[in-house]
Structure formats: structure tokens, C-alpha cells
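Here's a walk through one protein model, written for someone who'd rather be at the bench. Keep the structure open on your screen as you read.

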Amino acid sequence: MIHKTEKKEIRARIHKRIRDRLQGTTERPRLAIFRSVAHIYAQVIDDSEGKTLVSASSVDKGGKGAKGDKDAKPAKAAKGAKTARMGGGNVAAAKSIGKLVAERAKEKGITKVVFDRGGYPYHGRVKALADAARAAGLEF
């Protein structure tokens, strides 16, 4: 069985290889993803200036976990917990974050990006976020 630290190290090595090839520019910034067990985060980054231009996550107010989001479904309550929280650790949340980051990018005039999957396999939540961003108008 692979230990948690080994998995993190493997992902970090893969991400470093990806970052050696990808560079976000002013004309075509980088759409970077971070995925945790409970949430998903996306940022559009201009690496030439070192600035985050747009961000969205399942944690922020406009994300999946926001109150009043009609598509949001409560996550299963943990064993012994009294209530379930809104979660971002599912494909539906990734789709909504992909759509949200694309809308925010288009508001800033960004239509083309390079996709940085962050060392994660292009599958599940990562793929759902990318497909939703493409459907909402981002080109990559």
C-alpha cells in the first residue's frame, strides 16, 4: 500500500514536470486546479507577472457550498456528526466551479487559457471541471 506522503510526493513530481512545459502568459494564462478530498479550487494565473487573475472554489461564497445554490446537495454526515455540510468533493461541485471560473474569466476578457491539471489524473472531478469550463466558453 502506498503511504499518503508517497502519493503527495508522486503528485508533486508529476506537477513539476507539467509546470516545466506549461507557462501562463498575459495572452494565454494558466488555469490551475487543486483538488482536496472535500473541495476543489481553480485559478487563472498570469505567470509572467506572477498574479492570480481569477479564482473560484467550492469554499468561497459563489461556489458550490454557498447558501442558496439550488443545485447544491448536502454531503453525507460523517460518522458521529450531527449535521451534513455542503461539500465540494464531488463531480457536481467540480462542474459548477468550472462554469463559475469560466464566467469570471470571460468578465475579465480572458477567453484562451492553458490547462494545468496539477499532477492529478485527467479523470473524475478534474475532467468535469475542465469540460464545464470549456462549455462555458474557455478555450484550451
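## Strands and hairpins

Let's start with the strands: β1 and β2 run antiparallel to each other and are joined by six bridges. Bear in mind throughout that this is a predicted model. The two strands make a hairpin, with four residues sitting between them. If you want a landmark in this pairing, pick Leu31, which stands opposite Val44 of β2.

On to the next pairing: β2 is also antiparallel to β3, again through six bridges. Here Asp46 has Lys51 in β3 as its bridge partner. This hairpin of β2 and β3 has four residues between the strands, and Gly50 takes a positive phi near 70° there. As for how covered β2 is, five of its seven residues are buried, which leaves the strand mostly covered.

## Salt bridges across the chain

How many salt bridges does a search of the whole structure find? The count is seven. One of them joins Asp47 to Arg19, with 3.6 Å between the closest N and O atoms. This pair links distant parts of the chain: Asp47 is in the loop between β2 (40-46) and β3 (51-57), while Arg19 belongs to helix α1 (residues 4-21), and 28 residues separate the two. Is Asp47 buried or exposed? Its relative accessibility is 18%, and the cut-off for buried is under 20%, so Asp47 counts as buried. Arg19 has 25% relative accessibility and therefore counts as partly exposed.

Asp60 and Arg104 make another salt bridge, with their closest N and O atoms 3.3 Å apart. Asp60 lies in the loop between β3 and α2 (91-107) and Arg104 lies in helix α2, so this pair ties together parts that are 44 residues apart in sequence. Both ends are partly exposed: Asp60 is at 23% relative accessibility, and Arg104 has a relative accessible area of 25%.

## A bridge within one helix, and a network

For a salt bridge inside a single helix, look at Lys127 and Asp131, whose side chains meet at 3.6 Å, N to O. Both residues lie in helix α3 (residues 125-135), and they are four residues apart, or about one turn of the helix. Lys127 counts as partly exposed at 37% relative accessibility, and Asp131 is partly exposed too, with a relative accessible area of 32%. Elsewhere, Arg19, Arg30, Asp47 and Asp116 are joined into one network by salt bridges that share partners.

## Aromatic pairs

The structure holds four aromatic pairs. In one of these, the ring centres of Phe34 and Tyr41 are 5.9 Å apart and the planes meet at 45°, so the pair is tilted. Phe34 is partly exposed, with a relative accessible area of 40%, and Tyr41 counts as partly exposed at 30% relative accessibility.

Phe34 has another ring partner in Tyr120: this aromatic pair is edge-to-face, at 6.3 Å centre to centre and with 65° between the planes. Why does the pair tie together parts that are 86 residues apart in sequence? It's down to where the two residues lie: Phe34 is in strand β1 (residues 30-35), whereas Tyr120 is in the loop between β4 (114-116) and α3. Tyr120 is buried, with a relative accessible area of 5%. Put Phe34, Tyr41 and Tyr120 together and you have one aromatic cluster.

## The largest pocket

Last stop, the open space. The largest pocket holds about 440 Å³ of space. Which residues are the closest to its centre? Of the 16 lining residues, those are Lys7, Lys8, Arg11, Arg35 and Tyr120. The elements giving two or more residues to the lining are α1 and β1, and α1 gives the most, with six residues.

What is the lining of the largest pocket by class? There are seven nonpolar, three polar and six charged residues. If you're colouring the model, Tyr120 is a handy place to stop: among the residues closest to the pocket's centre, Tyr120 also belongs to the aromatic cluster with Phe34 and Tyr41.

Terms used
Residues numbered from 1 in each chain as written. Predicted model: local features only at pLDDT ≥ 70, side-chain atom pairs only at ≥ 80, totals over all residues. Heavy atoms only, no water. Salt bridge = Lys/Arg side-chain N within 4 Å of Asp/Glu carboxyl O. Buried < 20%, exposed > 50% of the residue type's maximum accessible area, 1.4 Å probe, protein only. Phe/Tyr/Trp six-rings, centres within 6.5 Å; stacked < 30°, edge-to-face > 60°. Pairing = 2+ DSSP bridges. 1 Å grid on protein atoms, 1.4 Å probe; cavity = no way out; pocket = protein on both sides within 12 Å on 5 of 7 lines; lining within 4 Å. Points joined across faces, edges and corners; volume = space filled by probe spheres on them. Nonpolar A, V, L, I, M, F, W, Y, C, P; charged D, E, K, R; others polar.
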